[in-house]
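Please read the model below from its open spaces inward, taking the pocket as the starting point and then moving to the helices, the cores and the chain as a whole.

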Amino acid sequence: MQPLRIHCFQHISFENLGYIAEWAQQQGHQVAYTRFDKQVILPELAGMDWLVILGGAMGCDDEEQFPWLAQEKAFIREAVAAGKVVLGICLGAQLLANCLGARVYPHTHQEIGFREITWTAAAQQDELFAGLPAKLTVFQWHGDTFDIPAGATAIATSEVCQNQAFRLGKSIGLQFHWEATPGIIRSMVQHDGHELVEAPFIHPAAKILADLPQAEWHKDLLFQLLSRMATL
């Protein structure tokens, strides 16, 4: 297999590819970034195989405050139409859902901390997700949610947030931060700790930091998913 050309859309300095970068390095794949937190220089679509869209504190529709969101969403639509593998994570999943015609909106609860998701019955029949444990503890940090795009398959759900993941062809959206290393999570707590207020589904900073070893628990399963995606 030829090395993949993976392009990453990064929105915040400390939310990088994390474990995805580790997997890419192990497999000999090439990684490049567009840093929307620095200078907006969009890549050539023909020069990439994958587009990975990461998280961020901004909302999907905050174009007045972040005008580059309109350019980013236009590029995502082009990448989907061109048949690229597109992986959206947290904000990235919301942007992908929006570009696929689904609604993105504030959820009734913020969800922050290590929490359990359940794979749907459809996920167990999917070539990418089949064979995963029925439940997975993953890191969450989001206040918005999305509807499942028309024609897409709901892949994961949870007690707090019904729509945790979807797939439509080569487009995959994950609401949770499977890519987040302990270092990334520490930075999120450091920079966004003001969001850790007392609420039913928000863990305090002390618990999140105590739970950091859980970030490593399912890294091998993420690598398995990424390797399966490499065959698309």
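In this predicted model, the largest pocket holds about 260 Å³ of space. Its lining is made up of 18 residues, and those closest to the centre of the pocket are Gly56, Ala57, Trp141, His142 and Gly143. Three elements, α3 (91-99), β6 (135-146) and α5 (182-192), each supply at least two residues of this lining, and the largest share, four residues, comes from β6. Sorted by class, the lining of the largest pocket has six nonpolar, eight polar and four charged residues.

One of the elements that line the pocket, α3, is mostly covered, with nine of its nine residues buried. The buried residues of this helix include Leu91, Leu95, Leu96 and Cys99 along with Gly92 and Asn98. Just after α3, Gly101 takes a positive phi of about 95°.

Is Leu95, a residue of helix α3, buried or exposed? Leu95 counts as buried because its relative accessibility is 0%. Leaving out residues up to four places away in sequence, Leu95 touches His11, Ile53, Cys60, Leu69, Glu72, Lys73 and Ile76. Among these contacts is Ile53, which stands 42 residues from Leu95 along the chain, with 8.3 Å between the C-alpha atoms of the two.

The largest nonpolar core has 53 residues, and those with the most contacts inside it are Trp23, Trp50, Leu87, Trp119, Phe129, Trp178 and Met229. Helix α8 (residues 219-229) gives the most to this core, with six residues. A second, separate core has 27 residues, including Phe66, Leu69, Leu91 and Ala102.

The buried residues of α8 are Lys219, Leu221, Leu222, Phe223, Leu225, Leu226 and Met229. What covers these buried residues of α8 includes α1 (19-27), β3 (50-53), β4 (85-89), β6, β9 (171-174) and α7 (214-217). For Met229, the contacts that remain once its neighbours within four places in sequence are left aside are Trp50, Val85, Leu87, Leu128 and Ile172.

The next topic is enclosed space. Rolling a probe the size of a water molecule over the atoms shows where empty space is left. One cavity of 30 Å³ or more is counted in the model, and the largest cavity has a volume of about 80 Å³. The residues that line the largest cavity are Phe114, Thr137, Val138, Phe139, His177, Trp178, Ala180, Ile185, Gln214, Ala215 and His218. The elements that give two or more residues to this lining are β6 and α7, and β6 gives the most, with three residues. By class, the lining of the largest cavity has seven nonpolar, four polar and no charged residues. Strand β6 thus appears both in the lining of the largest pocket and in that of the largest cavity, while Trp178, one of the residues lining the cavity, is also among those with the most contacts inside the largest nonpolar core.

Seen as a whole, the chain has eight helices and nine strands. The radius of gyration of the chain is 16 Å, close to the 17 Å that the globule rule gives for 232 residues, so the chain is as compact as a globular protein of that length. Taken along the principal axes, the C-alpha atoms fill a box of roughly 45 × 45 × 35 Å. Buried residues make up 56% of the 232 residues in the chain. Among contacts between residues at least 6 apart in sequence, 74% join residues at least 24 apart.

Conventions: Residues numbered from 1 in each chain as written. Predicted model: local features only at pLDDT ≥ 70, side-chain atom pairs only at ≥ 80, totals over all residues. Heavy atoms only, no water. 1 Å grid on protein atoms, 1.4 Å probe; cavity = no way out; pocket = protein on both sides within 12 Å on 5 of 7 lines; lining within 4 Å. Points joined across faces, edges and corners; volume = space filled by probe spheres on them. Nonpolar A, V, L, I, M, F, W, Y, C, P; charged D, E, K, R; others polar. Buried < 20%, exposed > 50% of the residue type's maximum accessible area, 1.4 Å probe, protein only. Core = buried A, V, L, I, M, F, W, Y, C linked by side-chain atoms within 4.5 Å. Contact = heavy atoms within 4.5 Å. Rg over C-alpha atoms; globule rule 2.2 N^0.38 Å.
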